[in-house]
Amino acid sequence: MVSGMEGDKMEVGKQKPNIHVEVHVKCQSTVKRSEVRKHVLSLLRRHSVVYGNYRWTEFDEEFLQKHVESVVIVDLPEMPIDLQSCPLFVHVFSLNEEGASILCLEDDEELSAANQWLLPAAEFHGIWESLVYENGIKMQLLDYVTTMIYFSDKNVDSNLVSWNRVVLLHGPPGTGKTSLCKALAQKLSIRLSNRYSYGQFVEINSHSLFSKWFSESGKLVTKMFQKIQQLIDDKEALVFVLIDEVESLTAARKACQAGTEPSDAIRVVNAVLTQLDQIKRHSNVVILTTSNVTEKIDLAFVDRADIKQYIGPPSVNGIYSIYLSCLEELMKCHIIHPREQLFTIFELETMDFAASEVSEHSLYLRDIALKSKGLSGRALRKLPFLAHALFVKTEAVSLVRFLEALDQAVFKKKEEENNLVNSV
């Protein structure tokens with residue numbers, strides 16, 4: 001029997017994986033979520049064993065056709081799962097279509113201090129699935145925030161067991177750190193929708209704060225966090241604050257004191273640290289930060305981060321998965337036609353990478369992935385477009401011809417990077 005409570009689970013046995021089902025309701029629908037849940041559970045009962053992220057976008061039942069965009073079983077382990085014997089979480093949500101609004105410090109100020117989104121946001125939809133990382137990074141970040149909420153619910157004394165509600169993602173440019181922050185906030189606003197009525201995502205424009213109003217930067221940081229505090233005061237909201245390239249606001253004070261950075265930078269760092277210490281008392285806020293150059297960040301800020309997660313270039317397996325998602329999208333849009341089967345990296349490993357007629361294209365794609373090692377995720381997702389633009393130049397193309405074009409695009413990209421390095 002499957003649980004019908006949003007966010008609740010059915011206890012059937014120990015050590016069973018938690019199964020999360022995300023139900024995307026059409027924006028124009030006004031039907032009660034409990035009614036949606038009832039019909040989705042009926043759908044799930046007709047499927048016992050599933051494998052991989054399982055998605056429904058077409059439905060036999062009229063109610064689901066009218067009210068639901070998709071039903072997706074997400075974040076499954078690489079193994080067959082029996083829906084009838086696992087703890088099941090059902091999350092019903094609709095997307096906010098309004099887009100970003102500008103958060104200013106004063107009504108008459110031209111300064112754009114931050115961009116603000118209501119979550120779940122249509123703009124962030126699908127980012128989580130597009131990001132490919134090894135070692136369960138995404139699930140670890142989800143687990144961190146879940147534990148943070150759990151400890152707050154249990155009134156754990158943070159003076160005895162310490163956590164600061166701060167995540168620091170660091171690594172080279174183009175590895176998806178900012179996108180991961182947005183995707184994490186989106187995912188958690190859906191997962192915790194039974195607890196919070198809505199989410200808020202605030203992306204601080206740190207460069208604008210620190211450069212345009214240089215002599216007043218310390219005061220402006222304080223004003224910025226006062227605005228954020230107003231959002232946090234609504235306990236119905238789960239608030240995420242993103243400080244992208246956090247080193248611009250938290251430059252090492254040692255460098256400032258040595259005279260290599262201006263004294264105003266010291267005031268900015270002190271203001272940020274003070275505000276973080278005040279904000280951590282609230283249970284409904286998470287601070288997400290990114291950095292490309294961690295050696296420039298003040299050690300006191302680094303020490304406040306509960307998680308310091310390195311985000312590097314994708315591995316060969318990650319590259320393969322990124323390319324696979326791109327090719328599946330191009331086949332869905334009939335740019336690559338006809339549709340042909342490509343195996344996941346897990347399926348190839350299960351087959352021990354044995355060459356055969358059915359695995360030929362998949363093994364060619366893996367060879368391309370091997371040649372692509374060292375490229376950033378940002379660069380990898382551009383390559384299918386460049387492959388078509390530079391080496392296909394027709395409206396529709398076979399899979400094997402597109403793989404040849406992708407191979408050429410990777411060679412060209414590597415050649416360009418080598419020329420750039422040699423010219424420096």
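## Helix 15 and its charged pairs

Glutamate 404 and arginine 401 share helix 15 (residues 399-423), where they sit 3 residues apart, about one turn of the helix. In this predicted model, the two residues form a salt bridge, with their closest N and O atoms 3.7 Å apart. Are these partners buried or exposed, or something in between? Glutamate 404 is partly exposed, with a relative accessible area of 36%, and arginine 401 is partly exposed too, at 30%.

Further along, helix 15 offers another pair to look for: lysine 412 and glutamate 416 are 4 residues apart, so about one helical turn separates them. Their side chains meet in a salt bridge with an N to O distance of 3.6 Å. Lysine 412 has a relative accessible area of 33%, which makes it partly exposed, and glutamate 416 is partly exposed at 40%.

Helix 15 also holds phenylalanine 402. With a relative accessible area of 0%, phenylalanine 402 is buried. Its C-alpha lies 8.5 Å from that of proline 384, a residue 18 positions away in sequence.

## Salt bridges elsewhere

Side chains of opposite charge can pair when their charged atoms come close. How many salt bridges does the model contain? The count comes to 15.

One of them is in helix 1 (residues 33-45), the home of both glutamate 35 and lysine 38, which are 3 residues apart, about one turn of the helix. The side chains of glutamate 35 and lysine 38 meet at 3.2 Å, N to O. Glutamate 35 counts as partly exposed at 29% relative accessibility, and lysine 38 does as well at 48%. For a bigger picture, try finding Glu22, Asp75, Glu129, Lys187 and Arg191, which salt bridges link into a network.

## Helix 14 and the loop after it

Which residues form a nonpolar patch on the surface? They are Phe385, Leu386 and Leu390, with about 290 Å² of accessible area together. Leucine 390 belongs to helix 14 (residues 377-392) and is partly exposed, at 39% relative accessibility.

In the loop between helix 14 and helix 15 you will find lysine 393. Lysine 393 is not a glycine, yet its phi is positive, at about 65 degrees. Its relative accessibility of 64% is over the 50% cut-off, so lysine 393 counts as exposed.

## Two crossing helices

Two packed helices are described by the angle between their axes and the distance between the axes. The axes of helix 11 (residues 316-332) and helix 13 (residues 360-371) come within 9 Å and cross at roughly 125 degrees. Helix 11 and helix 13 are therefore oblique to each other, and their crossing is right-handed.

## Backbone details in the loops

A few loops are worth a closer look. In the loop between helix 11 and helix 12 (345-350) lies proline 338, and the peptide bond leading to proline 338 from histidine 337 is cis, with omega near 0 degrees. Another cis peptide bond joins leucine 119 and proline 120, where omega is about -5 degrees. Proline 120 is in the loop between strand 8 (114-119) and helix 3 (127-130).

The loop between helix 12 and helix 13 contains phenylalanine 353. Phenylalanine 353 has a phi near 55 degrees, a positive value in a residue other than glycine. At 28% relative accessibility, phenylalanine 353 counts as partly exposed.

Terms used. Residues are numbered from 1 along each chain as its sequence is written. This is a predicted model: local features need pLDDT of at least 70, side-chain atom pairs count only at pLDDT 80 or more; totals for chains, interfaces and linings use all residues. Side-chain values use heavy atoms; hydrogens and water are left out. Patches are made of residues with over 30% relative accessible area and no salt bridge: like charges are joined within 9 Å, nonpolar side chains (Val, Leu, Ile, Met, Phe, Trp, Tyr) within 5 Å. Accessible areas come from the Shrake-Rupley method with a 1.4 Å probe; for residues, only the protein chains shown count as cover. A salt bridge is a side-chain nitrogen of Lys or Arg within 4 Å of a carboxyl oxygen of Asp or Glu. Helices (H or I, at least four residues) and strands (E, at least two) are DSSP runs, numbered from the N terminus. Buried means under 20% relative accessible area, exposed over 50%, partly exposed in between (1.4 Å probe, protein chains only). Axes are lines fitted to C-alpha atoms, for helices over the stretch in contact, and angles run from 0 to 180 degrees between N-to-C directions. Angles under 35 degrees count as roughly parallel, over 145 as roughly antiparallel, 65 to 115 as roughly perpendicular and the rest as oblique. A crossing is left-handed if the near helix is turned anticlockwise from the far one by less than a right angle, and right-handed if clockwise.
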